[in-house]
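Here are some notes to read alongside the structure, written as numbered points. Please keep the picture open while you go through them.

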Amino acid sequence: MRINQNIMAFNAYRNLSMTNGVLGKSLEKLSSGYRINRAADDASGLVISQGLRSQVSGLRQATRNAQDGVSVVQTAEGALTEVHSMLGRVRDLIVQAANTASSDSAARTAAQNEIAQLRSEIDRIAQTTSFGTQVLLNGSFGAQSAQTASTVIVGAGGTAVGASTSVTFELVLDAGLTGSISVVVTLTSATYVTAASFESHLQTVISTAIGSAQVTVNVVDLGNGAWTTELSRLSSATGSKVQIVNVGTGVGTAITAVSGTLSNPSGGVFQVGSNVTSTNQIQVAITDMRIASGTQADFTSLSGIDVTDTTSHTVAQTRIDTAIAAVSTLRGQLGAAQNRFETTIANLQTATENLAGSESRIRDTDMALEMVTFTRHQIMLQAGTAMLAQANAAPQSVLRLLQ
């Protein structure tokens with residue numbers, strides 16, 4: 001028997017210390033709810049868990065971004081509802097003024113005064129409708145199309161294209177950019193009496209030349225013997241252009257050499273994914289709705305409506321119908337965007353739920369299993385404490401040899 005070295009006590013102390021350490025970690029897991037509280041608990045599990053945690057956090061923010069997108073679209077579409085109503089009232093006034101058999105000049109003047117007020121209100125709505133500091137309806141929200149515009153002076157018999165033979169011009173898209181397109185467009189010899197007939201023909205030949213509908217043609221009758229011809233192309237590429245060059249002879253004033261560049265290419269972008277890439281973004285563009293100082297002929301042409309002139313009622317109706325159709329198209333686009341945002345939100349919420357579940361299985365504590373472990377080590381701690389006391393008391397038996 002030895003009293004200088006109590007090996008039994010050392011052994012009991014060592015086991016008790018190990019049990020105490022394990023019990024402390026078990027208490028930490030139970031109190032925090034996490035199986036991994038430090039990298040030493042599970043190094044590889046921590047790496048995977050942190051990656052999933054970052055992704056889940058990003059998806060939750062993306063969900064909020066998409067919900068903001070719904071709010072923006074609803075704000076713009078709500079304003080357009082009132083614009084639609086006012087345009088309908090303008091049309092009613094035009095039809096009323098055209099009834100010259102029962103309306104005199106005073107009645108037409110009163111109708112014109114109301115039309116002027118309605119136009120001013122449409123302009124005010126376009127200038128002030130906003131989401132936070134973002135104005136939505138003045139053409140500053142979202143990438144506006146690269147656009148060319150030229151005015152056509154129309155004679156009494158319409159506009160002539162190619163007095164005797166076909167004429168050509170060169171249409172260039174995105175000059176200087178990768179994937180730029182240059183095609184020769186041929187206009188057949190013809191005389192177009194209405195803006196709509198010229199628009200239809202020009203749209204067909206351009207789409208055929210390009211092989212797709214990348215360019216939209218819009219021809220609006222401005223009245224007083226003038227049309228405006230617009231070519232527009234919406235793109236997300238900074239520096240995107242649409243140009244008309246090398247115009248052949250005989251085309252008259254129907255087509256002129258002009259160029260337009262995409263404006264505000266980075267606007268109207270909603271980040272709807274956890275990673276900042278173009279595939280995780282939705283772009284929304286809202287047309288310029290202004291009449292007095294706008295850029296879209298569908299709406300700026302409304303400034304020329306004058307129902308006091310009894311010879312202009314047909315042109316006035318055409319203009320207002322074009323504007324109503326443009327607002328309807330825009331509202332349809334916004335409605336489709338809202339549906340897309342809502343689908344995106346549902347998908348993001350599903351992905352968030354599944355990824356959060358995966359991260360939980362790696363990092364969170366299984367409380368039932370951990371309680372089993374805790375109870376086991378708690379009992380071992382009590383037993384170890386008792387055995388250490390017994391081991392410390394064992395050398396006292398040497399005293400009996402001294403009696």
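Which residue in S6 is the bridge partner of valine 172? It is serine 182, and the points below, which concern a predicted model, begin with the sheet around this pair.

1. The sheet is an open one, formed by 4 strands in the order S6-S5-S10-S11, and the pairing in it is antiparallel. Its edge strands are S6, which covers residues 181–187, and S11, which covers residues 259–261, and each of these pairs on one side only. On average, and with direction ignored, neighbouring strands of this sheet are turned by 15 degrees against each other.

2. Strand S5 deserves a slower look, beginning with its link to S6, where 7 bridges join the two antiparallel strands. Towards S10, which spans residues 241–245, S5 (residues 167–173) is joined by 4 bridges, and this pair also runs antiparallel. Two of the bridge partners in S10 can be looked up by residue: glutamate 170 is matched with valine 245, while leucine 171 is matched with isoleucine 244.

3. Burial is the next thing to check for this strand. Residues count as buried when their relative accessible area is under 20%, and 5 of the 7 residues of S5 are buried, so the strand is largely enclosed by the rest of the structure.

4. A helix also belongs in this part of the picture, namely H4, made of residues 195–210, which packs on the sheet and touches both S5 and S6. The direction of H4 makes about 140 degrees with that of S6.

5. Turning to helix pairs, H2 (residues 43–98) and H6 (residues 313–363) pack with their axes 7 Å apart, at an angle of about 165 degrees. Angles over 145 degrees count as roughly antiparallel, and H2 and H6 are therefore roughly antiparallel to each other. The crossing in which H2 passes H6 is left-handed. Sorted by class, the residues in the contact of H2 with H6 are 32 nonpolar, 18 polar and 9 charged.

6. The other helix pair to follow is H1, running over residues 7–32, and H7, running over residues 367–393, whose axes lie 8 Å apart and whose packing angle is about 155 degrees. By the same reasoning from the angle, H1 and H7 are therefore roughly antiparallel to each other, and their crossing is left-handed. In the contact of H1 with H7 there are 17 nonpolar, 9 polar and 2 charged residues.

Definitions and conventions. Residues are numbered from 1 along each chain as its sequence is written. This is a predicted model: local features need pLDDT of at least 70, side-chain atom pairs count only at pLDDT 80 or more; totals for chains, interfaces and linings use all residues. Side-chain values use heavy atoms; hydrogens and water are left out. Two strands pair if DSSP finds at least two bridges between them. Axes are lines fitted to C-alpha atoms, for helices over the stretch in contact, and angles run from 0 to 180 degrees between N-to-C directions. Contact means heavy atoms within 4.5 Å. Angles under 35 degrees count as roughly parallel, over 145 as roughly antiparallel, 65 to 115 as roughly perpendicular and the rest as oblique. A crossing is left-handed if the near helix is turned anticlockwise from the far one by less than a right angle, and right-handed if clockwise. Ala, Val, Leu, Ile, Met, Phe, Trp, Tyr, Cys and Pro count as nonpolar, Asp, Glu, Lys and Arg as charged, and the others, Gly among them, as polar. Buried means under 20% relative accessible area, exposed over 50%, partly exposed in between (1.4 Å probe, protein chains only).
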